[in-house]
Amino acid sequence: MRKVVTFGETMMRLTTCHHRRFGQSTTYESAFAGGESNVASALAKWAVPVVHVTRLPKSDLGDAVVDGFKSLGIDTRFIQRGGRRLGLFFVEKGVSIRAGKVIYDRAHSAFATLSPADFDWPAILEGSSWLHFTGISPAISENAARACLEAAQTANRMGLTVSMDVAYRSNLWQWGKRPAEVIPELVKHCTVIVCSPHDTAELFGIYPRPDEDPFKSVCRQLMGQFPALTTIITTERGQQSASHNTLRGKCWQGGRLLVTDTIDIPNIVDRIGGGDAFMAGFIYASLAAKDTLSALRFGVAASALKHTIDGDLPLASVEEIETIMNGDTSGRLTR
């Protein structure tokens, strides 16, 4: 497989222990995570050549992030070093009827204060087949948004597949522009996006028509507005409680709606990172020349399995994901 490039902020994740509330916790479990680097980590585990591009502080924490990437097999050559601090996010896991919570602390982080001129995108993207980023990255700062746009424009000119999980996070947009002023310009250069009807209303002013399936309706309108788009994917979550969800995938491509079977996910361990596992699975299976429905099914299975794994990273093998994809969710002991 030709290499994949991911671009976005990597942070330290601090999670309360034993499902404690923020107000109860005196200790936190730490790990490094970020939407795009989660995708890179999964692809590296599945033997896809992958480059992660970000900016990290020149500190022991920055060194620890780079060392972690290297241990996973991620190419770190194009990571920029500088800035004042590593971004943080705090996690309180939901359980049963209590919802989870995430608090971000990313202001003035190394990534937020990057200079777009520091990234030589033609050199970074040389020999690649795919660029992936999320709508979280342009939310961080104006410079981060400019860097995303330059990356997408360059990848588009070079003929790469460009994917973006629009990942609308209203609380992150603090630098002066609304997401509806930024995200559409990025989507112009994308071939694949992860987007739901809720996202289209907030970001594009596109609403489902009353006589159509909501996802199909907004996809038709998006395709008309953004000619470069070939594929729109999303997951549809059913939520019985914070600990029990169902998941299925939807895709609009070539005028056809593709829908996967629903996977039941009881006793969730950690749902954060599930969307990244879905995107990584879709990229992996697409690069492996699977048909679109198979790629969608692989992505949904990867996401469902991630819900059973602590932390952001989908630490599951291709074989384990294919077991779920093929309908075996029994959890039988392997000896």
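1. In which sense does helix 9 cross helix 10, right-handed or left-handed? In this predicted model, the crossing of the two helices is right-handed. Helix 9 spans residues 274-287 and helix 10 spans residues 292-306. Their axes approach within 7 Å, and the crossing angle is roughly 145 degrees.

2. The contact between these two helices draws on residues from both. On the helix 9 side it includes Gly-274, Gly-275, Ala-277, Phe-278, Gly-281 and Phe-282, with Tyr-284, Ala-285 and Ser-286 further along. Helix 10 contributes Thr-292, Ala-295, Leu-296, Phe-298, Gly-299, Val-300, Ala-302, Ser-303 and Lys-306. Sorted by class, the contact holds 10 nonpolar, 7 polar and 1 charged residues.

3. An open sheet is built from 4 strands in the order 3-2-7-8, with mixed pairing. Its edges are strand 3 (28-33) and strand 8 (101-105), each of which pairs on one side only. From one strand to the next, the twist averages 20 degrees.

4. The pairings within this sheet can be taken in order. Strand 2 (residues 11-16) and strand 3 run antiparallel and are joined by 6 bridges. Strand 2 pairs with strand 7 in the parallel sense, over 4 bridges. Strand 7 and strand 8 are antiparallel again, with 5 bridges between them. In general, strands of a sheet pair through backbone hydrogen bonds, in a parallel or an antiparallel arrangement.

5. Individual bridge partners help to set the register. Arg-13 has Ala-31 as its bridge partner in strand 3, and Phe-89 as its bridge partner in strand 7. Leu-88 stands opposite Asp-105 in strand 8. Strand 7 (residues 88-92) is mostly covered, with 4 of its 5 residues buried.

6. Strand 9 (residues 128-134) takes part in other pairings. Strand 1 (residues 3-7) runs parallel to strand 9, and 4 bridges join them. Strand 9 is also joined to strand 10 (residues 161-165) by 5 bridges, and this pair is parallel too. For the register, Lys-3 has Ser-128 as its bridge partner in strand 9, while Leu-131 stands opposite Val-162 in strand 10. Strand 9 is mostly covered: 7 of its 7 residues are buried.

7. Ser-128 itself lies in strand 9. Its relative accessible area is 4%, so Ser-128 counts as buried. Setting aside neighbours within four places in sequence, Ser-128 is in contact with Arg-2, Lys-3, Val-5 and Leu-160. Of these contacts, Lys-3 is also the bridge partner of Ser-128.

8. Ser-37 belongs to helix 1 (residues 35-45). Why is Ser-37 classed as buried? Because its relative accessibility is 2%, which is below the 20% cut-off. Not counting residues up to four places away in sequence, Ser-37 touches Thr-10, His-52 and Phe-69. With Thr-10 there is a polar contact of 3.1 Å between the side chains. The C-alpha atoms of Ser-37 and Arg-169 are 18 Å apart, and 132 residues separate the two along the chain.

9. Asn-38 is also placed in helix 1. Asn-38 has a relative accessible area of 1% and is therefore buried. Beyond residues up to four places away in sequence, Asn-38 touches Ala-33, Gly-273, Asp-276, Asp-312, Leu-313 and Pro-314. Among these, Asp-276 falls within the residue range of helix 9.

10. Two histidines deserve a check of their backbone geometry. His-18 has a positive phi of about 55 degrees although it is not a glycine. His-18 sits in the loop between strand 2 and strand 3. With a relative accessible area of 67%, His-18 is exposed.

11. The other is His-108, whose phi is near 60 degrees, again a positive value in a residue other than glycine. His-108 is located in the loop between strand 8 and helix 3 (121-125). His-108 counts as exposed because its relative accessibility is 51%, and the class begins over 50%.

Technical notes. Residues numbered from 1 in each chain as written. Predicted model: local features only at pLDDT ≥ 70, side-chain atom pairs only at ≥ 80, totals over all residues. Heavy atoms only, no water. Pairing = 2+ DSSP bridges. Axes fitted to C-alpha atoms, helices over the stretch in contact; angles between N-to-C directions. Buried < 20%, exposed > 50% of the residue type's maximum accessible area, 1.4 Å probe, protein only. Contact = heavy atoms within 4.5 Å. Polar contact = N/O pair within 3.5 Å; in protein donor to acceptor, adjacent residues only side chain to side chain. Left-handed = near helix turned anticlockwise from the far one by under 90°. Nonpolar A, V, L, I, M, F, W, Y, C, P; charged D, E, K, R; others polar.
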